[in-house]
Amino acid sequence: MDNEALGPRPEYGPTAVNFRCIAELKEVWRRFSWHGRAFDPSHEHAIEMILTKIGRIATGDFKADNYEDIKGYADIARKLVEETCSIA
């Protein structure tokens, strides 16, 4: 299963496997994140992008860009928590 619009993405492994991995990581995040405390949707998106990158690392080839992106998304998530939550 390849995305016809994007073409095959072999660097991330088989599409179905990669998507399954990412979906399961996000499911765990939603189940255990901060004991049910709600965060700003922007923060949630930043965390989900980190999980997407982790899924790509887990199922695909080494790409330094994935690690750089994780750093960027983590910085964004931290700043969002500092701006919107009293738990930071």
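**Three helices, read value by value**

User: Which residues of helix 1 are buried?

Analyst: They are Thr-15, Asn-18, Ile-22, Lys-26 and Trp-29. Keep in mind that this is a predicted model.

User: Why does Lys-26 count as buried?

Analyst: Its relative accessibility is 18%. The cut-off for buried is under 20%. Lys-26 falls below that limit, so the label applies.

User: What puts the buried residues on the same side of helix 1?

Analyst: The arc does. Around the axis, the buried residues cover only 70°, which puts them on the same side of helix 1. The face turned away from that side carries the exposed residues Arg-20 and Phe-32.

User: What do the buried residues of helix 1 pack against?

Analyst: They pack against helix 2.

User: How do you know that the span of helix 1 agrees with its 18 residues?

Analyst: Set the two values side by side. At 1.5 Å a residue, helix 1 should span 26 Å. Its end C-alpha atoms are 26 Å apart, so the values agree.

User: What makes the pattern of the chain α-α-α?

Analyst: The chain has three helices and zero strands. Read along the sequence, that gives α-α-α.

User: Why is the contact of Glu-48 and Lys-26 called a salt bridge?

Analyst: A side-chain nitrogen of Lys or Arg must lie within 4 Å of a carboxyl oxygen of Asp or Glu. Between Glu-48 and Lys-26 the N to O distance is 3.9 Å. That is within the limit, so the pair qualifies as a salt bridge.

User: Which parts of the chain does this pair link?

Analyst: Distant ones. Glu-48 sits in helix 2, residues 41-59, and Lys-26 in helix 1, residues 15-32. The two are 22 residues apart.

User: Is Glu-48 buried or exposed?

Analyst: Buried. Its relative accessible area is 18%, and buried means under 20%. Therefore Glu-48 earns the label.

User: Which residues is Glu-48 in contact with, leaving aside its neighbours within four places in sequence?

Analyst: Lys-26 and Arg-30.

User: Now helix 3. What makes Lys-79 and Asp-75 a salt bridge?

Analyst: Their closest N and O atoms are 3.1 Å apart. The limit is 4 Å, so this pair counts as a salt bridge. Lys-79 and Asp-75 lie four residues apart in helix 3, residues 64-84, which means a separation of about one helical turn.

User: Why does it matter to count in steps of three or four along a helix?

Analyst: An α-helix has 3.6 residues a turn, so residues three or four places apart point the same way.

User: Why is Lys-79 called partly exposed?

Analyst: Its relative accessibility is 40%. Buried needs under 20% and exposed needs over 50%. The value for Lys-79 lies in between, so it is partly exposed. Asp-75, at 27%, also counts as partly exposed.

User: What makes Arg-78 and Glu-82 a salt bridge?

Analyst: Their closest N and O atoms are 3.0 Å apart. That is within 4 Å, so the pair passes. Arg-78 and Glu-82 are also four residues apart in helix 3, or about one helical turn. Relative accessibility is 40% for Arg-78 and 46% for Glu-82. Both values lie between the cut-offs of 20% and 50%, so both residues are partly exposed. Salt bridges that share partners join Asp-75, Arg-78, Lys-79 and Glu-82 into one network.

User: How many salt bridges does a search of the whole structure find?

Analyst: Nine.

User: How do you know that the buried residues of helix 3 line one face?

Analyst: The buried residues are Asn-66, Ile-70, Ala-77, Leu-80 and Val-81. Seen down the axis, they fall within an arc of 95°, so they line one face of helix 3. They pack against helix 2. On the other side, Lys-71 and Glu-83 are exposed.

User: What is the reach of helix 3, and what is expected?

Analyst: Helix 3 has 21 residues and reaches 31 Å from its first C-alpha to its last. The expected value is 30 Å, and the two are close.

User: What share of the chain counts as buried?

Analyst: Of its 88 residues, 33%. The chain exposes about 6,000 Å², with carbon and sulfur atoms supplying 58% of that area.

Key:
Residues are numbered from 1 along each chain as its sequence is written. This is a predicted model: local features need pLDDT of at least 70, side-chain atom pairs count only at pLDDT 80 or more; totals for chains, interfaces and linings use all residues. Side-chain values use heavy atoms; hydrogens and water are left out. Buried means under 20% relative accessible area, exposed over 50%, partly exposed in between (1.4 Å probe, protein chains only). The expected span of a helix is 1.5 Å times one less than its number of residues. The arc is that of the directions from the helix axis to the C-beta atoms. Contact means heavy atoms within 4.5 Å. Accessible areas come from the Shrake-Rupley method with a 1.4 Å probe; for residues, only the protein chains shown count as cover.
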